[in-house]
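User: I'd like a close look at a single part here, with enough of the surroundings to make sense of it. Pick a helix, walk me through it, then show me how the strands fit in.

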Amino acid sequence: MTSAGATPIPAYDLGRVPYRDALRFQHEAVLARAEGRCQDALYFVEHEPVLTFGRAGRAENLLLSEPELRRRGVEVVPVERGGDVTYHGPGQVVGYPIVSLRDLPSGCDLHHYLRDLEEALIRVLSSYGLDAVRRPSLTGVWVGDRKVAAIGVAVRRWVAFHGFALNVDPELEHFGWIHPCGIREFGVASMKSLLGAAPPREEILSRLRSAFAEVWRRPVWDATRSPEADSLWKEMLHA
Amino acid sequence: MPVTIVVPQLGESVVEGTVGKWLKKVGDPIAKDEPIVEIITDKINIELPAPSAGTLGKITVEEGVVAQVGQELGVILGQGESAPAAAAPRAPAPSSAAPQPPAAAPAPRPSAPSPQQPSAPAPAPARGTAVEEPPSGDGQRMSPAVRKLVKEHQLDVSSIRGSGMGGRVTREDVLNHIEAARLGAAAGAPAPGAQAGRVELGAAPPAERAAPSPKKPIPAPALAAPGAREEQVEPLTNVRKKIAENMSRSRHMAAHCATWDEVDMTALVDLRARLKEKVKETYGVSLTYMPFIVKAVVRALKEFPVLNATMTENEVHYRKYYNIGIAVHRDAGLIVPIVHDADRKTLLQIAAEIEDLGGRARADKLQLNDIQGSTFTITNAGMFGATASTPIINYPEVGVLGVHLIQERPVVREHRIVIRSMMTLVLSFDHRLVDGTPAVQFLHRVKELLEDPESWLLDTI
């Protein structure tokens, strides 16, 4: 336990992954982490358009009818994270930290963990000159009245999974399919809509790694091209 | 030993969580550390691991209910154990094996809520319906004569309030009860003497104590009897939570001030009456007063830009675009769809757009863009008959115009009383940014424009 504070965290960019595959992968990774068969890790992915309903999800926040969703090929997936309905789609950096809470500075303080996720995202957005802030009782990261990153987390056996979705350059119109997180009065923004142009994904991932390293006080390194990444891929595709 | 499952300390700022889902049912076997129940707090859903192995013996807190940190959620039983009664908040289940703690000695009636033992009855006058008396058959202390009376009339003693010493039910009490029941107010009449501590004030004659009133009692319909004090509890919807948050934020942040004026709508009523059939026929659009009001408001906003502004800590943002929010009632709760760039749209375009937005608002089909970015808001309480109201500002805007019922009222014109179609206009404004003068002038300008629509409509069409 004492040396855990300095254990590096590998970060993998898994690219475009179907939501259900990523979900199944997360479940296995949580179990493996809880049983000590693997270490803490951070996974970056991108999804095809999908709507996920958290445990606090309400059907009234879904604005498209079922047939309409089918027509557009959008899946609706109920998930075990907290929060209401969320949209994921191309142009987002979705991050799944699968980490043992006991080994983080926040310990088993769940709100502290949420605030740390926000903090890392705020640091990245600030590095692009954006005035990113928290809003009281509205978990996520905001620029003005618009949410730029959504957060929803689940914890199983003190291992956190699910995580955040940062809007880099998603189709903002797709957020009109839902009341994101059940919030109707505030809007959604992307880095592109705020900056005029979307920064390259590689650069954002790099800044995310640095930000999480600072917040968690542990090295976070790019493991995308490591040998483990290959086996992860196979696991995800053939599990 | 049965092991209780409690809400653990989940963080410094976490005091409670909602039980999300029980992953196990009562009777299910449980391995240690296996997830058994979900707790949701903020945006986190945590699965609590079982503190020990066994079977799930009891679920104390059901799904969807909020539990405090440290509160018992359920109980895990070891082998051969049965559910403990001690922690049960309700009637103790007679348990065969586990020895009953002394506190669980059965109360005379299950409804008796008092956790104290009735072994030493206090001589305090009974006030409630439950009488804490040592059990004597039916649990009531009364004389044999009274008992006989009760039996004769087949009464439920527990519903009679005793006015005698130590809550004793007297003959008077029983007779009063019978009389009250006859009047359809069974159990409703306050026990005479129950208010004995009160001093009657003034000239009112002192209330009769026990003797039945010689005067004719006030007829009490059955409805007047206090009911079960039933309350229906429903969770707050997210929409309602957001509305509540926005409303109190506005009240808290903005320095609300209101000013109002009477508008003579006669000319506009005539104009609309002349146009509406034609508009409906030609364009399929219902022409209400709202598009005219939107147009008048936009004109006035251009003349008094501060009403279309918003302020931050150090800045004022004068918006040179005119996105007019129009509050719409829905069953789910208020929503404010927006006519964007109302200054660049014709009256008919605005009419069509309002109709479309209203329809989609009620069908819950609004898109984010429809409700984002208004610069000024109009709310029509007149739709439901209000003749005046002071709306809450749609913060961070600085003004909201309330429009109301148009009704014929007598007014004075040139020393004569005439009938005109009148409407009250109310402007709520944020007095931090908007001084009284521009607020009043703005409202007066809106009034002028509405009173003489033909003067300005020509150059907007």
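Analyst:
**Helix 3 of chain B and its setting**

Among the contacts in chain B with a separation of 6 or more, 60% are between residues 24 or more positions apart. Keep in mind that this is a predicted model. Chain B has 461 residues, and 30% of them count as buried. Its secondary structure comes to eight helices and 17 strands.

Now for the helix itself. Helix 3 of chain B covers residues 238-253, which makes 16 residues. At 1.5 Å a residue, the expected span is 22 Å, and the C-alpha atoms at the two ends are 22 Å apart, so the expectation and the model agree. For the span, the rise is multiplied by one less than the number of residues.

Which residues of this helix are buried? They are B:Asn238, B:Val239, B:Lys242 and B:Ser250. If you look down the axis of helix 3 of chain B, the buried residues fall within an arc of 105 degrees, so they line one face of the helix. Turned away from that buried side is a face with the exposed residues B:Ala244, B:Ser248 and B:His252. For those labels, buried takes 20 or more other C-beta atoms within 10 Å of the residue's own, while exposed takes 12 or fewer.

On to the strands, still in chain B. Four of them make an open sheet in the order 1-8-6-3, with antiparallel pairing. Its edges are strand 1 (3-6) and strand 3 (29-30) of chain B, each of which pairs on one side only. Strand 3 of chain B runs antiparallel to strand 6 (residues 54-59) of chain B, and two bridges join them. At that seam, B:Pro29 sits opposite B:Thr55 of strand 6.

Chain A has a strand 6 of its own, and it's worth a detour. Strand 6 of chain A runs over residues 92-100, and eight of its nine residues are buried, so the strand is largely enclosed by the rest of the structure. Strand 2 (residues 41-46) of chain A pairs with strand 6 of chain A in the antiparallel sense, over five bridges. Strand 10 (residues 159-167) of chain A also pairs with strand 6 of chain A in the antiparallel sense, this time over six bridges. A handy residue to follow is A:Val94 in strand 6 of chain A: it is the bridge partner of A:Val45, and A:Val94 also has A:Ala165 in strand 10 of chain A as a bridge partner.

Note on methods
Residues are numbered from 1 along each chain as its sequence is written. Chains are lettered from A and ligands numbered from 1 in the order in which they are written. This is a predicted model: local features need pLDDT of at least 70, side-chain atom pairs count only at pLDDT 80 or more; totals for chains, interfaces and linings use all residues. Helices (H or I, at least four residues) and strands (E, at least two) are DSSP runs, numbered from the N terminus. The arc is that of the directions from the helix axis to the C-beta atoms. Two residues are in contact if their C-beta atoms, placed from the backbone, lie within 7 Å. Two strands pair if DSSP finds at least two bridges between them.
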